[in-house]
Amino acid sequence: MKTKVLNGLDRLDILDRLLKGRRVGLVTGGSAINRQHELAVDVLASRYQVTALFNTIYGIRGEFVYGERVERYVDGPTGLPVTSIFNRQRTAPTAEMMEQVDVMVFDIKEAGVRYYEYLYCLANLMKACAACGKPLVVLDRIDPIGGVKVEGTVCPAGMHTMVGDYELATRTAMTIGEFARYVQGEFAVPVELTIVPVEGWRRRQYMDETDLPWVLPSPSLPHVDANLLYTGMCIFEGVATVNEGRGTSKPFELVGAPWMDADEVVRRMRRRGLDGVSFSRVYYIPNASKHRGEVVNGVQIHVLDRETIEPFRVAVSLLDEIRGLHEDKIVWADCSAGHDVKAEASLPFERYTDKLLGDARYTTGELDGEGLIAAHAQARDRYLKRKQPYELYE
């Protein structure tokens, strides 16, 4: 039987105490729903005095596509103005925007992975609230891939981007509310912060072990296993010549290229004997993204056991094997890839994969996948200990 879980948006008794009688600014998106499948924007606008809406990536209701930026528009159902706080001009509300609110609220479902820009939208909002003396309320949501396992690399202290910052591990093992507490405590952000906690969730649970419905946090995360594989397979976004399943119904479950010897990649991956996963040879035609309209020789990744699979290791192993077979075909995308925005005082990575990894040694060939994982072992251990004081759930 699935566990009954209440997200922060469902805790109306707490919200009433925090928001009634105050002008509310709301940062949200189309995946933030309550148990009645009502969007956060509609729930709060019908109950409280919402005076401003702020969009991050996909629109206040999820109405925009990947990479589309609309700086200002009017939300039809509420009639409220919506202002983007994720674009080339700004990554947080300005002081002038803050004048029309007494309290800011953040409610967005995220993915438990540090590439996911919503984390940094929240961190920048925290700093903006601190600068303007506005309190911030974060409506917590569970980590959809569990809050226990940490994987991958750890961002160096000098890395400040919208796909990696705050010395996070690739797989964060934190809820969005725990992340806010971590940033506040570890990086001395003096914001008046309140987390409206989740009720009923335990850290080891994946989202489909609860009774919460799966609403896409982004168009490329159609279910829990895709979200889990995203932990590693997102690094292929930085390989300009290899498709990572975007433009198909199985993003991050497929990887391939027209020139790839997929049969040999499958053979090599099977010989690695990785836990909790299997591989099969497929053909597919992406309808968008890299190799659009072409027949792709591909590999499908099958999650067999979530307890033993290490999706980051799976991804770097695949890239190792593809690179080993087709070194001349690997073209690294530069840092204009993705929809990151410029950040000051960041490490001067030249390749987008370097930003996703938080480490340039892999693309230069100094480290292979296993060497990269080993090089970050101590940093992962430090991160695990560092985040524990900010955990809200057992």
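Leaving aside its neighbours within four places in sequence, which residues is V198 in contact with? They are V5, L6, N7, R11, D140, R141, I142 and Y393, where contact means heavy atoms within 4.5 Å. The model is predicted, with local features needing pLDDT of at least 70 and side-chain atom pairs counting only at pLDDT 80 or more, while totals for chains, interfaces and linings use all residues. Residues are numbered from 1 along each chain as its sequence is written, and side-chain values use heavy atoms, with hydrogens and water left out.

**The sheet**
- Seven strands (DSSP runs of E, at least two residues, numbered from the N terminus) form an open sheet with mixed pairing in the order β3-β4-β2-β1-β5-β6-β9.
- Because β3 (72-74) and β9 (193-196) each have a single partner strand, they stand at the edges, and one side of each is left without a neighbour in the sheet.
- From one strand to the next, the twist averages 25 degrees, angles being taken from 0 to 180 degrees between N-to-C directions of lines fitted to C-alpha atoms, for helices over the stretch in contact.

**The β3 edge**
- Pairing requires at least two DSSP bridges between strands, and β3 pairs with β4 (residues 81-84) in the antiparallel sense over three bridges.
- Y73 has V82 in β4 as its bridge partner.

**The β9 side**
- Helix α5 (residues 176-186; helices are DSSP runs of H or I, at least four residues) packs on the sheet, where α5 touches β5 (103-107), β6 (136-139) and β9, and its direction makes about 160 degrees with that of β9.
- V198 lies in the loop between β9 and α6 (224-233), and V198 counts as buried at 7% relative accessibility (buried means under 20% relative accessible area, with a 1.4 Å probe and protein chains only).
- Although V198 and G8 are 190 residues apart along the chain, their C-alpha atoms are separated by 5.4 Å.

Definitions and conventions
Buried < 20%, exposed > 50% of the residue type's maximum accessible area, 1.4 Å probe, protein only.
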